[in-house]
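Student: I have a structure to read and do not know where to begin. Can we go through the features one at a time?

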Amino acid sequence: MKIENIKANKILDSRGEWTVEVEIESENKGKASIPSGKSLGSHEAVCLDCDLIEKNLPEFLKEVKNFDFKSSQEFDNFLIERAGKNKEKLGGNFTLGCSIAFAKVLAKKEGLELYEYLEKEYTQTTANYTQAAAESYNNSPREFALSLQESAPTPKLIINIIGGGVHSFNNLDFQECWLVSKQSFSEKLIAEILSVINILENKLSKPLGRNDEGAFCTNFNDNYEPFIYLNQFKENFELGADIAANQIKKDINWQEIYHQLKKLNVTYLEDPYKEDEFEYFANLRKEGFKVIGDDLTTTNTERLKTALEKNSLDGVIVKPNQIGTIKETFDFIKLAKENNLFTIFSHRSGETNDNWIIDLGISFNADYFKIGVPLQGERIAKWNRLKEIFDKNDK
Ligand code: 2PG
Ligand code: MG
């Protein structure tokens, strides 16, 4: 399909900061806006300022017009080639906006939802690729292809319910204190989470605010106190935390922290050490924690390969804007799944009302979604999209 025009609109995100919305005009139109993080890993794709993106646009557009892209992957390969190392020439925010907007155009052309289109395109590719390259795989790519075809999606939710760190304005060092649902997404789970919110709202000390992601934000006696509150919900939820260790600048006795968190029934730990400390991640797994990479892996297959060699992880965060295209996000998920890691599709702390993260997660079989609490619009946009897809598939 030929692309006739691309616009890079400057829009506001949920933090009141500028971000980019990309609009592609072809046989029909597709739009996608891109969120941004505050606790950034240094290996993430480069994010360019909107004015610079606009400046680069005419030359990029001239080249794009010479091509007839048959699929989302073909267009993504074009973007990957042009964007250079870490997407520094075009900006990973711009390339991801293009990638998603074009996938929406292709979906619309076929009368499909975005998640249906991606499922179809990627399942077909994987199935073909599987036959051609079966021998070079140790694990079964066929099984992977089949796993993509499962009709009923069954993701669970990770709820960042009490916040700290750089997303907040309180005295907690850890960025996120989680409830991890034992059951998969359903209306019943939504009701349970709303009731948790209600209980905590009454119990937590006042003044009680909400942080960038809508998580409760107040001062605590120490870093452990939030988990004392969260333990009351352990019949239906497991406990976890995004330590976001990269952002913690003070001297900390990490061993003592994980000793205490274990006693408080915390099981899941995201970024428990700094972004290059692969071995420390691996050691923590031996203590029985489920260890998750975010800044460690930055949705990047090369980083994931190192993590796999070193046995650092049980699961990975998937944030497409850390890498800059749907195709590379898919490659990352594929490698993770082939190695039995669970995947958590995640929003960013600075969000827009776009909800494509849900479509990507559904089409690529997310094990979990981390999309904030349903208390503010930009997060609710994701909750409602998830519900919409579930309702549709239930009928
Ligand atoms: C994280 C994220 C999202 P940010 O660290 O997991 O919750 O934060 O978007 O600021 O990187
Ligand atoms: Mg994180």
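Tutor: Begin with the inventory of helices and strands: the protein has 13 helices and 13 strands. Its radius of gyration is 21 Å, close to the 21 Å that the globule rule gives for 395 residues, so the protein is as compact as a globular protein of that length. Keep in mind that this is a predicted model.

Student: What box do the C-alpha atoms fill?

Tutor: Taken along the principal axes, the box is roughly 60 × 50 × 45 Å.

Student: How much of the protein counts as buried?

Tutor: A residue is called buried when its relative accessible area is under 20%. Here 60% of the 395 residues fall in that class. The accessible surface comes to about 16,500 Å², and carbon and sulfur atoms hold 46% of that.

Student: What share of the contacts joins residues 24 or more positions apart?

Tutor: Taking contacts with a separation of 6 or more, 69% are between residues 24 or more positions apart.

Student: How do I read a metal site, and which residues are the protein donors of the magnesium ion?

Tutor: List the donors, then look up where they sit in the chain. For the magnesium ion (ligand 2), the protein donors are D242, E270 and D294, at 2.0 to 2.2 Å. Their spacing along the chain is D-x27-E-x23-D. E270 lies in strand β9 (residues 266-270) and D294 in the loop between β10 (290-293) and α10 (301-309), so this pair ties together parts that are 24 residues apart in sequence.

Student: Are E270 and D294 buried or exposed?

Tutor: Both E270 and D294 are buried.

Student: How do I read a single residue in a loop? Where is L172?

Tutor: Find the elements on either side, then the cover, then the neighbours. L172 is in the loop between β4 (156-163) and β5 (176-181). L172 counts as buried because its relative accessibility is 4%, and the cut-off is under 20%. Leaving out residues up to four places away in sequence, L172 touches several others, among them I162, C177, F220 and P226. I162 is ten residues from L172 along the chain, and their C-alpha atoms are separated by 9.5 Å.

Student: And a whole helix? How many residues of α12 are buried?

Tutor: Count the buried residues against the length. In α12 (residues 356-363), eight of its eight residues are buried, so to speak of this helix as mostly covered is to apply the under 20% cut-off. The buried residues include W356, D359 and S363. After α12 comes N365, with a positive phi near 60°.

Student: How many side chains are positive and how many negative?

Tutor: There are 50 positive and 63 negative side chains, and the centres of the two sets lie 1 Å apart.

Notes
Residues numbered from 1 in each chain as written. Chains lettered and ligands numbered in written order. Predicted model: local features only at pLDDT ≥ 70, side-chain atom pairs only at ≥ 80, totals over all residues. Heavy atoms only, no water. Donors = N, O, S within 2.8 Å, 3.2 Å for Na, K, Ca; no water. Helix = DSSP H or I, 4+ residues; strand = E, 2+ residues; numbered from the N terminus. Buried < 20%, exposed > 50% of the residue type's maximum accessible area, 1.4 Å probe, protein only. Rg over C-alpha atoms; globule rule 2.2 N^0.38 Å. Contact = heavy atoms within 4.5 Å. Areas by Shrake-Rupley, 256 points an atom, 1.4 Å probe, with all protein chains shown as cover. Lys, Arg positive; Asp, Glu negative; His and termini not counted. Charge placed at Lys NZ, Arg CZ, Asp CG, Glu CD.
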